[in-house]
Amino acid sequence: MLTLIELIWTITPAVILILIAFPSFKLLYLMDEVDDSSMSVLAEGHQWYWSYQYPDFLNSDEECIDFDSYLVPESDLEDGALRMLEVDNRGGKVLSKPYLTLK
């Protein structure tokens, strides 16, 4: 009798989780929206600086435009600036959509 109860309280939650998982995966797949972006930006964080690449734009050597942005030393910070986030060369201006950045 105890073995039957153990099987029930072990299998029942597993079945419930499986029943919840399938509709969730379907919904997650349907919500995956890929917009055609007008510009791509690759921002890569290093230990003490950021690297930005604009692969949609090429310079005269037919290479993508890229630059580095270094942290501002604490002695050079202005009032109200965030210590570990303030950089000398910002990557761009953030528009109304948080995932879209333009220079």
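## Exposure in a predicted model

A residue is called exposed when its relative accessible area is over 50%, buried when that area is under 20%, and partly exposed in between. The structure described here is a predicted model. E62 has a relative accessibility of 59% and therefore counts as exposed. In the chain as a whole, buried residues account for 10% of the 103 residues.

## Overall architecture

The chain contains one helix and five strands. Read from the N terminus, the order of these elements is α-β-β-β-β-β. The following sections concern β1, β2 and β3.

## Pairing of β1 with β2

Strand β1 covers residues 42-45 and pairs with β2 in the antiparallel sense, with four bridges between the two strands. One bridge places A43 opposite its partner Y52 in β2. The connection from β1 to β2 is a hairpin of three residues.

## Pairing of β2 with β3

Strand β2 spans residues 49-58 and β3 spans residues 64-70. These two strands run antiparallel and are joined by seven bridges. W50 stands opposite S69, which belongs to β3. A further point of contact in the description is D66, a residue of strand β3. The C-alpha atom of D66 is separated by 4.2 Å from that of Q53, although the two residues are 13 positions apart along the chain.

A hairpin with five residues between the strands links β2 to β3. E62 lies in this loop. Its phi is positive, at about 60°, even though E62 is not a glycine.

## A negative surface patch

Which residues form the negative surface patch? The patch consists of D61, E62, E63, D66 and D68. D61 is located in the loop between β2 and β3, and E62 lies in that loop as well. D66, in contrast to these loop residues, is found in strand β3.

How exposed are D61, E62 and D66? D61 has a relative accessible area of 56%, so D61 is exposed. E62 is likewise exposed, at 59%. D66 reaches 48% relative accessibility and therefore counts as partly exposed. Membership of a patch requires a relative accessible area of over 30%, a cut-off that the 48% of D66 satisfies.

## Summary

E62 brings several of these features together: a place in the loop between β2 and β3, a positive phi of about 60°, an exposed position and membership of the negative surface patch.

Definitions and conventions:
Residues numbered from 1 in each chain as written. Predicted model: local features only at pLDDT ≥ 70, side-chain atom pairs only at ≥ 80, totals over all residues. Heavy atoms only, no water. Patch = residues over 30% accessible without salt bridge, like charges linked within 9 Å, V, L, I, M, F, W, Y side chains within 5 Å. Areas by Shrake-Rupley, 256 points an atom, 1.4 Å probe, with all protein chains shown as cover. Salt bridge = Lys/Arg side-chain N within 4 Å of Asp/Glu carboxyl O. Lys, Arg positive; Asp, Glu negative; His and termini not counted. Charge placed at Lys NZ, Arg CZ, Asp CG, Glu CD. Buried < 20%, exposed > 50% of the residue type's maximum accessible area, 1.4 Å probe, protein only. Pairing = 2+ DSSP bridges.
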